[in-house]
Amino acid sequence: MTIVIEPSPVLHQVAQPVTVFDDALKATVTTMRQTMHAANGMGLAAPQVGLSQQLCIIEYLPKDGEGKLIEADAIAFFALANPKITWQSAQQITMTEGCLSLPGLEGEVTRPKRLRVKGQDETGNKLVIKASGMLARILQHEIDHLNGVLYDSKLNTGTQLRPAQPDRKGV
Ligand SMILES: [Zn+2]
């Protein structure tokens, strides 16, 4: 798979629901994961590989130099189909975001600090995810992708995209 870069129509479409949870879907998840690793990403939505489906993957597990988990709101890997935000905190937080479909750039975006999401895994089982911190941020960015929204349309007022830090992981 190749990551779709702006400008591209598929990045601005509302993706279609996933209705069939078969081996082909699992193969898609596996290939998306390989594509995300190759791009040094920590999240990837299906429209970013040209598939207009309500499917994204997240892999976020920050560790310190001794391999100890340093953030509780982290998760090794999961695929999420048909996600819906069921709750989000009134409290918001500003974080720097980058996107694999807008390579080499980053910007400041303010979003809810915590949220709850329901959806399905790649086998169709129901998932409920309560997230805060970076995980909450990645989830909101990926769900935006599935609704045809890129983060550059949500930059904080008075700010603009700038060259990304070299170590920035895209999503
Ligand atoms: Zn993105």
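1. Helices (H or I, at least four residues) and strands (E, at least two) are DSSP runs, numbered from the N terminus. On that definition, the protein has 2 helices and 8 strands. Read from the N terminus on, the elements follow the order α-β-β-β-β-β-β-β-α-β.

2. The basis of the description should be stated early. This is a predicted model, in which local features need pLDDT of at least 70 and side-chain atom pairs count only at pLDDT 80 or more, while totals for chains, interfaces and linings use all residues. Residues are numbered from 1 along each chain as its sequence is written.

3. Overall dimensions come next. The C-alpha trace of the protein spans about 45 × 35 × 35 Å along its principal axes. The radius of gyration (taken over C-alpha atoms) is 15 Å for the protein, close to the 16 Å that the globule rule gives for 171 residues, so the protein is as compact as a globular protein of that length. The globule rule is 2.2 Å times the number of residues to the power 0.38.

4. A residue is called buried if 20 or more other C-beta atoms lie within 10 Å of its own, exposed if 12 or fewer, and partly exposed in between, with C-beta atoms placed from the backbone. Of the 171 residues in the protein, 31% are buried. Two residues are in contact if their C-beta atoms, placed from the backbone, lie within 7 Å. Among the contacts with a separation of 6 or more, 69% are between residues 24 or more positions apart.

5. Two strands pair if DSSP finds at least two bridges between them. One open sheet holds 5 strands in the order β1-β2-β3-β6-β7, with antiparallel pairing. Its edge strands are β1 (43-45) and β7, each of which pairs on one side only. From one strand to the next, the twist averages 40°. Strands β1 and β2 (residues 55-60) run antiparallel and are joined by 3 bridges; Ala-45 has Cys-56 in β2 as its bridge partner.

6. Both helices pack on this sheet. Helix α1 (residues 23-38) touches β1, β2 and β3 (75-88), and its direction makes about 50° with that of β2. Helix α2 (residues 133-146) touches β1, β2, β3, β6 and β7, and its direction makes about 160° with that of β2. For these angles, axes are lines fitted to C-alpha atoms, for helices over the stretch in contact, and angles run from 0 to 180 degrees between N-to-C directions.

7. Strand β6 (residues 115-120) pairs with β7 in the antiparallel sense over 6 bridges, and Leu-115 stands opposite Ala-131 in β7. The hairpin of these strands has 5 residues between them, and Gly-124 there takes a positive phi near 100°.

8. Lys-126 belongs to strand β7 (residues 126-131). Why is Lys-126 classed as exposed? Lys-126 is exposed because 9 other C-beta atoms lie within 10 Å. Not counting residues up to four places away in sequence, Lys-126 touches Lys-118 and Gln-120. The C-alpha atoms of Lys-126 and Gly-65, 61 residues apart along the chain, are separated by 35 Å.

9. A further open sheet has 3 strands in the order β4-β5-β8, with antiparallel pairing. Strands β4 (92-99) and β8 (162-163) are at the edges, each with a single partner strand, so one side of each lacks a neighbour in the sheet. Strand β4 is joined by 7 bridges to the antiparallel strand β5 (residues 102-112), and Thr-96 stands opposite Glu-108 in β5.
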